[in-house]
Amino acid sequence: MKRLPIPEDVTGEEIDKDVRQELQSLPKTLAEDVAKNLVMVARLIDEDPETAYAYSKIALRLASRVAAVREAAGFAAYANQKYSEALAEFRAARRMTGGVDLWPVMADCERGLGRPEKALDMAGAPEVHKLDKAGQVEMRLVAAGARRDMDQLDAAIVTLQSPELASNSVQPWTARLRYAYADALLAVGREGEAREWFAKAVESDKDGSTDASDRLAEMDGVEFVDAFDESEADDETEDQDEVRPDTQVTEVTEGDEPSAVSPEAVDDEIDDEAEVQVQVQVQVQVKDETDVEDEGDDDVVVSQHSDEDDEHLTHDKHDDAGQDDKD
């Protein structure tokens, strides 16, 4: 199996002391390699379970006889919903250590495999009494889940009712226990009680291990809107890009659409104005010369129009002598 890259900041010393002690049975270089892969499993199992699973397989190939490695491989498989493989690894680790810590997660693997009855049998086994408080609460959560798998909703609610649920002290398991209880109440239509327990779950969920706040908001009819819409931001950026820094924006009057005028267009407009001024000067000069040549003529009219009307000059001459002949 091809080895995966290990970041430079991973030394292998990050793993628990008990795990490092287990790895002392291996050659030093091998122990370091296994430790680094186990660190990567722990780092990625939540955010990237597939990659964590790949690291666990490498550690398993290097040291399959180490219980901590089998346990890490089991949790990586469990995170990827490979329940059969996870259960096999957990059983192997339990045989090596003789402990019962993995009993609740093994029962949950049975649920994942579609065997809730087996999970309930494990919940009533003598091993449960050997679990610490956290393990017993975990086992209660698994048993309640098995009841719900079997559509025994009321039984699930009763299973979760315990001194740990009623306690006001906040423990690592408190938020999850309250959340499961609220969800079970909601499943049977007891919305008022469910809301109360979702609120209690929020109070105890300091690290965000559940989505209790979202569930509570949903029950209250609160809809969260992202204040920063990435699509709108992209559209605004595209609009800004259309007006380049080397362009000038014309003044927008009411009813007009904004437009951009390039420097070349501005230069052309200036040239047109200059040309108009030259034409006017020429016309004035022509007028002066005409006045000198035709001192006897009357009513010389100069009509100047805009550039759009092609700038023309009209001279109306009245011949006094000719008019007299007609008279």
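This passage goes through the salt bridges and the two largest pockets of a predicted model.

Salt bridges come first. The count for the model comes to 17. One of them pairs D183 with R148, and here the closest N and O atoms sit 2.9 Å apart. That contact links distant parts of the chain, since D183 belongs to helix 11 (residues 174-187) and R148 to helix 8 (residues 133-149), with the two positions 35 residues apart in sequence. R148 is partly exposed, at 29% relative accessibility.

A second bridge of this kind joins D220 to R195, with 2.8 Å between the closest N and O atoms. D220 is found in the loop between helix 13 (212-219) and helix 14 (230-242), while R195 is part of helix 12 (residues 191-204), so the pair ties together parts that are 25 residues apart in sequence. Partly exposed is the label for D220, at 38% relative accessibility, and also for R195, at 34%. Elsewhere, R91, E110 and R115 are joined into one network by salt bridges that share partners.

The R20 and E13 side chains also meet in a salt bridge, at 3.9 Å from N to O. What sets the labels of these two partners is relative accessible area: R20 has 31% and is partly exposed, whereas E13 has 55% and counts as exposed because the cut-off for that class is over 50%.

Now for the pockets. The largest has a volume of about 910 Å³. It is lined by 29 residues, and Y78, E138, L141, V142 and R176 are the closest to its centre. Helix 4 (67-79), helix 6 (103-112), helix 8 and helix 11 each put at least two residues into this lining, and helix 8 has the largest share, with eight residues. By class, the lining of the largest pocket holds 17 nonpolar, four polar and eight charged residues.

The second largest pocket comes in at about 700 Å³. Its lining is made up of 23 residues, with D16, V19, A68, E71 and A72 nearest the centre. At least two lining residues come from each of helix 1 (17-23), helix 2 (28-44), helix 4 and helix 5 (83-97). Helix 4 gives the most to this second lining, five residues. The lining of the second largest pocket splits into 14 nonpolar, two polar and seven charged residues.

Note on methods: Residues numbered from 1 in each chain as written. Predicted model: local features only at pLDDT ≥ 70, side-chain atom pairs only at ≥ 80, totals over all residues. Heavy atoms only, no water. Salt bridge = Lys/Arg side-chain N within 4 Å of Asp/Glu carboxyl O. Buried < 20%, exposed > 50% of the residue type's maximum accessible area, 1.4 Å probe, protein only. Helix = DSSP H or I, 4+ residues; strand = E, 2+ residues; numbered from the N terminus. 1 Å grid on protein atoms, 1.4 Å probe; cavity = no way out; pocket = protein on both sides within 12 Å on 5 of 7 lines; lining within 4 Å. Points joined across faces, edges and corners; volume = space filled by probe spheres on them. Nonpolar A, V, L, I, M, F, W, Y, C, P; charged D, E, K, R; others polar.
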